[in-house]
Amino acid sequence: MVSQSVPSDGPGGQDQSQTIKTLCSEIQRAIGAGEFQEAERSRDRLIETYPMAISEAIQTAELIEQGMSAAIDKDHLAVWSELYAPLSIEERNCLFHSMKKYVLPEKKMLLKYGSLNNRLFFIEKGRVTVAIPQGEKKFKVLAQLGQGDVLGEYTFATIALCSATAVTKTEVQLRCLEAQIAETWEEKHPGLYDKILDYCKKYGRVDLISESKERESHTHSRYQVQGRVKAILLDKNGEKTEANFNGELEEISRSGTSFTIHCNQRETVKQLLTRSFSLSIICGKTGQEISFSTVGRVVRVSFLLYN
């Protein structure tokens with residue numbers, strides 16, 4: 001039972017006390033039903049409306065954490081012991097209850113080469129095949145993933161399109177974490193997102209997939225060059241828009257180019273992915289410049305914070 005810390009002298013105080021009790025009862029009901037987000041919302045409403053109800057705020061927070069801990073699947077914790085080992089109780093609860101559980105049939109596509117993905121998969125049962133396309137309707141298998149493997153870490157940790165295709169080989173049970181949810185952790189659980197990325201780098205297949213992607217994308221030799229690029233955003237019909245920016249050329253080849261721009265907003269940078277641009281390029285030595293125009297599609301973005 002949650003105690004009462006707000007004075008209830010007078011009619012107004014009695015009404016306030018009753019409202020606090022009602023909110024605490026709502027929180028307890030939500031915890032019992034496993035509706036922890038609803039419990040958190042009711043607690044936030046309690047704190048905002050009655051900031052002096054300190055005892056109730058503390059006790060309901062403890063009840064929510066206890067309920068979340070009790071609801072965690074013990075088999076899941078056993079499979080992902082290395083993932084949860086460095087996390088606090090609050091971080092563990094946040095991570096587990098941020099995931100969604102799925103049971104998928106065989107031949108279900110999880111990732112598609114060259115497409116967007118904002119999900120990180122934690123495989124608990126079954127097998128998943130990871131491959132890259134080689135020619136028409138042919139694929140080169142990069143890995144067979146199973147229990148305890150993560151999938152999707154390449155696009156989860158970077159701003160890039162899928163570097164491989166992933167399809168379930170058997171019926172698969174997995175849990176899924178969406179990037180949009182993980183990005184909301186910073187206020188209440190600063191550092192948790194980075195811990196997940198560290199785990200992916202240590203235990204995932206990031207290097208295997210990205211190295212294969214690099215070899216595949218470097219079919220033609222790439223050359224470091226100095227020059228300038230003006231990029232104009234194209235709309236869905238291929239027509240030029242008013243949105244444009246300038247960049248510094250870094251590399252160029254027959255299959256693509258890379259250049260740097262200055263932008264301090266990660267969300268803005270992410271929106272460039274998959275967009276098409278009209279590119280006006282000038283490169284070469286002073287007095288011997290070469291200029292040409294082409295159209296390109298953004299397939300990967302590296303975001304570096306400049307102070």
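Colleague: How do the residues lining the second largest pocket divide into nonpolar, polar and charged?

Modeller: This is a predicted model, in which local features need pLDDT of at least 70 and side-chain atom pairs pLDDT 80 or more, while totals for chains, interfaces and linings use all residues. Residues are numbered from 1 along each chain as its sequence is written, and side-chain values use heavy atoms, without hydrogens and water. With Ala, Val, Leu, Ile, Met, Phe, Trp, Tyr, Cys and Pro as nonpolar, Asp, Glu, Lys and Arg as charged and the others, Gly among them, as polar, the lining divides into six nonpolar, seven polar and seven charged residues.

Colleague: Which helix supplies the largest share of that lining?

Modeller: Helices here are DSSP runs (H or I, at least four residues; strands are E, at least two), numbered from the N terminus. Helix 2 (36-49), helix 3 (54-70) and helix 6 (89-98) each give at least two lining residues. The largest share, five residues, belongs to helix 6.

Colleague: Which element gives the largest share of the largest nonpolar core?

Modeller: This core, a set of buried (under 20% relative accessible area, 1.4 Å probe, protein chains only) Ala, Val, Leu, Ile, Met, Phe, Trp, Tyr and Cys residues joined through side-chain atoms within 4.5 Å, has 23 residues. Two or more come from each of helix 5 (81-84), helix 6, strand 3 (119-125), helix 8 (179-182) and helix 9 (192-203). The largest share, six residues, comes from helix 9.

Colleague: Which residues does Leu95 touch?

Modeller: Leu95 and Trp185 have the most contacts (heavy atoms within 4.5 Å) inside the largest core. Leaving aside residues up to four places away in sequence, Leu95 touches Leu83, Tyr84, Leu87, Leu177, Trp185, Leu192 and Ile196.

How values were computed:
Buried means under 20% relative accessible area, exposed over 50%, partly exposed in between (1.4 Å probe, protein chains only).
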